[in-house]
Amino acid sequence: MQTVKVESPKIPKELPILEHMTDEIQPEENFHTGIFSDGIVENQRAYKVAFDKIIFRNVTFTNISMKDIEFTDVLFDRCDLSNVDFGDATIHRTEFKNCKVIGIDLTGATIRNTYFEGCLGDYATFRFSNLKQVVFKECSLNSADFYESTLQKVDLIACEIDRAQFTGTKLDGIDLSDCTFVGLGAGIVDLQGCIISKEQASVFASLFGLRLKE
């Protein structure tokens, strides 16, 4: 059950079509108000690019490195962002719906009011990131990396998080009871205060070499 309130993107109903998304994107370029559908964004290297009030629908991002990128009021709908490098990104009021984000690199990102639903995000990297008011719903996050991240008001709803890495990340108050996993990368200090189900108790016991007596 979702307990975290997330602000939705503030996007106008009528949007002009963005025709130049396939051109070379320049450093510090701004894209404001528009929709880009059924296309490919590829071979882009830029920094401090900003997207505001944008919808990407059925777009594939290939060979992309855009550090310090900023997304505000953005919707990604059925997009493929696998292996893109968005290190040190700032993401606010953004939704990722039914997207492939396998191996996406969000190291050092600041993520606020962001919603991931039905996304395939195995091996995604959130190292050293700061997440607040973020929801992951029905996502696959197997082997995702949250090493030394800050999670505040984060919901994980019906997600697969097997072998996800949470070392150095405080999970106090984070509810994992609805998630599926066999093992996690986490220490006992990291797990203090997190919420688990009775069925998961044996998994956590095995993490620390304990055996439950029947």
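Leaving aside neighbours within four places in sequence, lysine 170 touches two residues in this predicted model, namely Ser149 and Asp190. Lysine 170 sits in the loop that runs between strand 9 and helix 1, the latter covering residues 188-191. With a relative accessible area of 62%, lysine 170 is exposed, because the cut-off for that class is over 50%. The C-alpha atom of lysine 170 is 20 Å from that of lysine 137, a residue 33 places away along the chain.

Lysine 137 makes a natural next stop. This residue belongs to strand 8, and its relative accessible area of 26% puts lysine 137 in the partly exposed class. Beyond the residues within four places in sequence, the contacts of lysine 137 are Tyr115, Phe116, Glu117, Gly118, Ile157 and Cys159. The N-terminal methionine also enters the picture: the C-alpha atoms of lysine 137 and methionine 1 are separated by 9.4 Å, with their positions 136 residues apart along the chain.

A further lysine is found in strand 9, which spans residues 150-157: lysine 153. Its relative accessibility is 52%, so lysine 153 counts as exposed, the threshold being over 50%. Setting aside neighbours within four places in sequence, lysine 153 is in contact with Val4, Lys132, Gln133 and Val134. Between the C-alpha atoms of lysine 153 and alanine 109 there are 16 Å, and the two residues are 44 apart along the chain.

Stepping back to the chain as a whole, the secondary structure amounts to 9 strands and 2 helices. Read from the N terminus, the order is β-β-β-β-β-β-β-β-β-α-α. The C-alpha trace spans about 65 × 30 × 25 Å along its principal axes. For 214 residues, a compact globule would be expected to show a radius of gyration near 17 Å, and the 18 Å of the chain agrees with this. Among contacts between residues at least 6 apart in sequence, 10% join residues at least 24 apart.

The surface and the charges can be described in the same spirit. The chain exposes about 10700 Å², and carbon and sulfur atoms supply 47% of that area. Of the 214 residues, 50% are buried. There are 22 positive and 33 negative charges, and the mean positions of the two sets lie 6 Å apart.

Turning to the interior, the largest nonpolar core holds 61 residues. Within this core, Phe51, Phe56, Phe61, Phe76, Leu81, Phe86 and Phe136 touch the most other members. Apart from this core lies another one of 5 residues, including Val6, Tyr115, Val135 and Ile157. Tyr115 and Ile157 also appear among the contacts of lysine 137. Phenylalanine 56, for its part, is in contact with Met21, Phe36, Phe51, Phe61, Val74, Leu75, Phe76, Asp77 and Cys79, leaving aside neighbours within four places in sequence.

Buried positions also include polar residues. Serine 65 is located in strand 4, residues 60-67. Its relative accessibility is 17%, and serine 65 therefore counts as buried, given a cut-off of under 20%. Outside the four-place window in sequence, serine 65 is in contact with Gln44, Arg45, Ala46 and Asp85. Threonine 125 is placed in the loop that joins strand 7 (110-117) to strand 8 (130-137). At a relative accessible area of 18%, threonine 125 is buried. The contacts of threonine 125, again without neighbours within four places in sequence, are Ile104, Asp105, Leu106, Thr107 and Asp145.

Finally, the backbone deserves a look at two loop residues. Lysine 48 has phi near 55 degrees, a positive value in a residue other than glycine. The loop that holds lysine 48 runs between strand 2 (40-47) and strand 3 (50-57), and a relative accessibility of 47% makes lysine 48 partly exposed. Serine 143 likewise has a positive phi without being glycine, with a value near 65 degrees. Serine 143 lies in the loop between strand 8 and strand 9, where its relative accessible area of 18% classes serine 143 as buried.

Conventions. Residues are numbered from 1 along each chain as its sequence is written. This is a predicted model: local features need pLDDT of at least 70, side-chain atom pairs count only at pLDDT 80 or more; totals for chains, interfaces and linings use all residues. Side-chain values use heavy atoms; hydrogens and water are left out. Helices (H or I, at least four residues) and strands (E, at least two) are DSSP runs, numbered from the N terminus. The radius of gyration is taken over C-alpha atoms; the globule rule is 2.2 Å times the number of residues to the power 0.38. Buried means under 20% relative accessible area, exposed over 50%, partly exposed in between (1.4 Å probe, protein chains only). Contact means heavy atoms within 4.5 Å. Accessible areas come from the Shrake-Rupley method with a 1.4 Å probe; for residues, only the protein chains shown count as cover. Lys and Arg count as positive and Asp and Glu as negative; His and the chain ends are not counted. The place of a charge is taken as NZ of Lys, CZ of Arg, CG of Asp or CD of Glu. A nonpolar core is a set of buried Ala, Val, Leu, Ile, Met, Phe, Trp, Tyr and Cys residues joined through side-chain atoms within 4.5 Å.
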